[in-house]
Amino acid sequence: FLQGPGTDQSAVDIIRRGVREGIDTSVCLLNYKEDGTPFWNQFFVAALRDAEGNVVNFVGVQCEVSKAVVEKHIAENKDPHTPRPPPV
């Protein structure tokens, strides 16, 4: 995904920490399409482990979320640094 001026770097840091520590992580962040159009993106990444529990790969899933859903969730939780809207 492409980051831009509106991308919350603390959300990106959460993703990086999850990958570094092998922890399943989900964040909602503002990303940008190739043409520069911004969109809200619910992103989930999970560590895939072998039989011994070693991280061998990661799987990531993302889906576009409407701005209205994000704003409603932020308003309800009053914490703009952890916007995690419900599944759409």
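Mentor: Quick definition before we dig in: a charge sits over a ring if NZ of Lys or CZ of Arg is within 6 Å of the ring centre and within 35 degrees of the ring normal. Keep in mind that this is a predicted model.

Trainee: Okay, so which residue has its charged end over the ring of Phe-39?

Mentor: That's Lys-33, with its charged end 5.8 Å from the centre of the Phe-39 ring.

Trainee: And how many aromatic pairs does a search of the whole structure find?

Mentor: The count is 0 for the whole structure.

Trainee: Switching to H1, how many residues does it have?

Mentor: H1 has 13 residues, running 9–21. From first C-alpha to last, the helix reaches 18 Å, close to the 18 Å expected at 1.5 Å a residue.

Trainee: Which residues in H1 are buried?

Mentor: Ala-11, Val-12, Ile-14, Ile-15 and Gly-18. Looking down the axis, those buried residues fall within an arc of 155°, so they line one face of the helix.

Trainee: What do they pack against?

Mentor: Two strands: S1 (25–32) and S2 (38–49).

Trainee: What follows H1?

Mentor: Gly-22, and its phi is positive, near 70°.

Trainee: Now Thr-25. Is that one buried or exposed?

Mentor: Thr-25 is in strand S1. Its relative accessible area is 8%, which is under 20%, so Thr-25 counts as buried.

Trainee: Where does its side chain reach?

Mentor: The Thr-25 side chain reaches the backbone oxygen of Ile-23 at 2.9 Å.

Trainee: And what is Thr-25 in contact with, leaving aside neighbours within four places in sequence?

Mentor: Ile-14, Ile-15, Gly-18, Phe-43, Phe-44 and Val-45.

Terms used: Residues numbered from 1 in each chain as written. Predicted model: local features only at pLDDT ≥ 70, side-chain atom pairs only at ≥ 80, totals over all residues. Heavy atoms only, no water. Phe/Tyr/Trp six-rings, centres within 6.5 Å; stacked < 30°, edge-to-face > 60°. Helix = DSSP H or I, 4+ residues; strand = E, 2+ residues; numbered from the N terminus. Expected span 1.5 Å × (residues − 1). Buried < 20%, exposed > 50% of the residue type's maximum accessible area, 1.4 Å probe, protein only. Arc of directions from axis to C-beta. Contact = heavy atoms within 4.5 Å. Polar contact = N/O pair within 3.5 Å; in protein donor to acceptor, adjacent residues only side chain to side chain.
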